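This report covers confidence, sheets and internal cavities. The sequence and structure come first.

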Amino acid sequence: ERAISCDRACNRADWPRICRFELVVEKRTFHRDSAATDNVSLGAAGGRKQSDVIAYYTINGRYVGPTLTVCENDFLVVDVENRIPGESVALHWTGQSQRRTPFMDGVPMITQCPIASFTRFQYKFQADRAGSHLYHGFTGAERTEGLLGAFIVRSAFEQRQSPIFSTFGSETVWLITALDGLLAVNGERNWQQALSFNTTSRSQPDLRIRLLYAAGQCRHWLELEDHELQVLALDGNALEIDATATVNRVLLHDGLRMDLSIRRRTVPAVGDKVEADYEIRFTPVPAELGSGCERAVFRLRFCSEDTVLCPHDLHGAADRFPADLATYDTRLELTIDVRTLDAEGPFGEPGRETVRSVNGFTFAFPSVLMLREPASDELQAHTCGGRRSLPRSCHPLMARCECVHVEHIEAGHRVEMVLINADPAADYVYHLHGHGVFVVGTATGHGSSVQTVVRNLRTPQQRDTIVVRRDSLVVVRFVAKNAGLWLLREIGAPSWSRGLDVVLNVGAHPMDFDLPSNFPSCRHFVGPSVELMRN
């Protein structure tokens, strides 16, 4: 492992480097000592009992992988070895366009074959989008149980010219995960942030915090004792800082990537005692207490005088929104729906089953590698969406329509996509692979008229990870610049999918990239004929 080979100051005049990393993925089991205790607050009485046996993933022998730091336009060569018996994996790299290399996006059966046990797969791509990003296992369980790490892409502009980021003297990464209900930062339960304090100038350090949150369904408030927080960027995209106030607390949700700065509420005068440390507090949202989210690193007492911030309330940078996105060429409406059906248990006992769908389609992965064989007869027979005829699995008398849900978009089209959450009981977090989007509108009530939703076409947030709150809708716009198959992924699924994903097919085949001739194929196997076996 050479995780620091490209960790350097970035310079526009330098040639991009080839950054080589090796990631060895394993899965381990931890048997909790019933007499052991953690030196953190474990939440309110009556919380759920912790598991006696915990399964988790390691990368290079550690829960939570190493931070990979490169400069914008560097080339990554990452060898991933899967040493998990009987379990295949794939790694996704957030924030990157994967232009010309969509087969490195890390989506099993769509862009690559999953990495089988005891085999290796080499990811090669160019890091073309600066920011605070993640690499992580594709499934929700992998991502929240240790198969992830920070992926930091620096840029010369940020370090030398950006009016926001060039003023910071140092930076740090806070990768927040939860294992069996207990939070950890950078893979440590007893983690602490070390900062220096200039006793001569009485100034606090200029610190940029790259915060990455992957704690599953739990949402937490973040508070730093005696300090105010200011959000600088979301998903690697800078915000309109003049319009972003400092606050006491920030709401964190699964998949959030955020850059923060911190500032003491009062700068101590000469002679004043400077506190040795401050508490960094993560407090679960009250509505989720008792649902497995009651255990946090620290407890927080809510105060009515606090100023709080939800990331979706922020404004994006005024100069980022393209003028030509004031109109659009293609419009997609995707409605999330949840139904409960009668079902039977393994011994015929009555039960209930939850069926999730988008536009009536419950997503299922294809049986062939979609990027290699987009016109396969077998694939077409199980594909739905758009104006296609329904596949056989979607007969009107069937309780559900399971298929590969694909929506076609012409390359270069300006797209308005509306995500409508008709589920009154759950929020959903979506991550769009290969593209960034501008969040131009939101509305409460999934039945709201889309046409009447006010569009913010001046300072919309630029994101690739979007929260669609219960009984609400979100309107986003983007230019479909990258040809390929890009997954609109609902990241809360513990397995590959729970039916709420959609493949966006951008452009017509053949595409403007070359799939390596030796790229692995995923196919059925048919045994030799009986005649050959007789011989």
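Two strands count as paired if DSSP finds at least two bridges between them. Strand 5 and strand 7 (residues 131-137) meet that condition, since three bridges join them, and the two run antiparallel. One of these bridges has L91 and, in strand 7, its partner G137.

The model is predicted. Its chain has an average pLDDT of 84, and 84% of the residues score at least 70. In residues 34-47 the pLDDT falls below 50, although this stretch has 19 contacts in the model beyond near neighbours in sequence. Residues 297-305 also have a pLDDT below 50, with 26 contacts beyond near neighbours in sequence.

**Sheets**

Strands of a sheet pair through backbone hydrogen bonds, either parallel or antiparallel. Strands 5 and 7 belong to an open sheet of four strands, ordered 3-8-7-5, with mixed pairing. At its edges stand strand 3 (68-71) and strand 5 (91-93); each has a single partner strand, so one side of each is left without a neighbour in the sheet. On average, neighbouring strands of this sheet are turned by 20 degrees against each other, direction ignored.

Another open sheet is built from six strands in the order 20-19-24-29-26-27, and its pairing is mixed. Its edge strands, strand 20 (350-358) and strand 27 (461-463), each pair on one side only. From one strand to the next, the twist averages 30 degrees. Within this order, strand 19 (residues 330-344) pairs with strand 24 (residues 414-421) in the parallel sense, over seven bridges. I336 has N421 of strand 24 as its bridge partner.

The two strand pairs described above are set out here.

| Strand pair | Sense | Bridges |
|---|---|---|
| Strand 5 and strand 7 | antiparallel | three bridges |
| Strand 19 and strand 24 | parallel | seven bridges |

**Cavities**

Rolling a probe the size of a water molecule over the atoms shows where empty space is left. How many cavities of 30 Å³ or more are there? The count comes to five. The largest cavity has a volume of about 80 Å³.

Which residues line the largest cavity? The lining consists of T94, L134, H136, R143, A214, G255, R257, H431, T465 and I491. By class, this lining has three nonpolar, five polar and two charged residues. L134 and H136 of the lining fall within the residue range of strand 7, 131-137.

Definitions and conventions
Residues numbered from 1 in each chain as written. Predicted model: local features only at pLDDT ≥ 70, side-chain atom pairs only at ≥ 80, totals over all residues. Heavy atoms only, no water. 1 Å grid on protein atoms, 1.4 Å probe; cavity = no way out; pocket = protein on both sides within 12 Å on 5 of 7 lines; lining within 4 Å. Points joined across faces, edges and corners; volume = space filled by probe spheres on them. Nonpolar A, V, L, I, M, F, W, Y, C, P; charged D, E, K, R; others polar. pLDDT = per-residue confidence, 0-100. Contact = heavy atoms within 4.5 Å. Axes fitted to C-alpha atoms, helices over the stretch in contact; angles between N-to-C directions.
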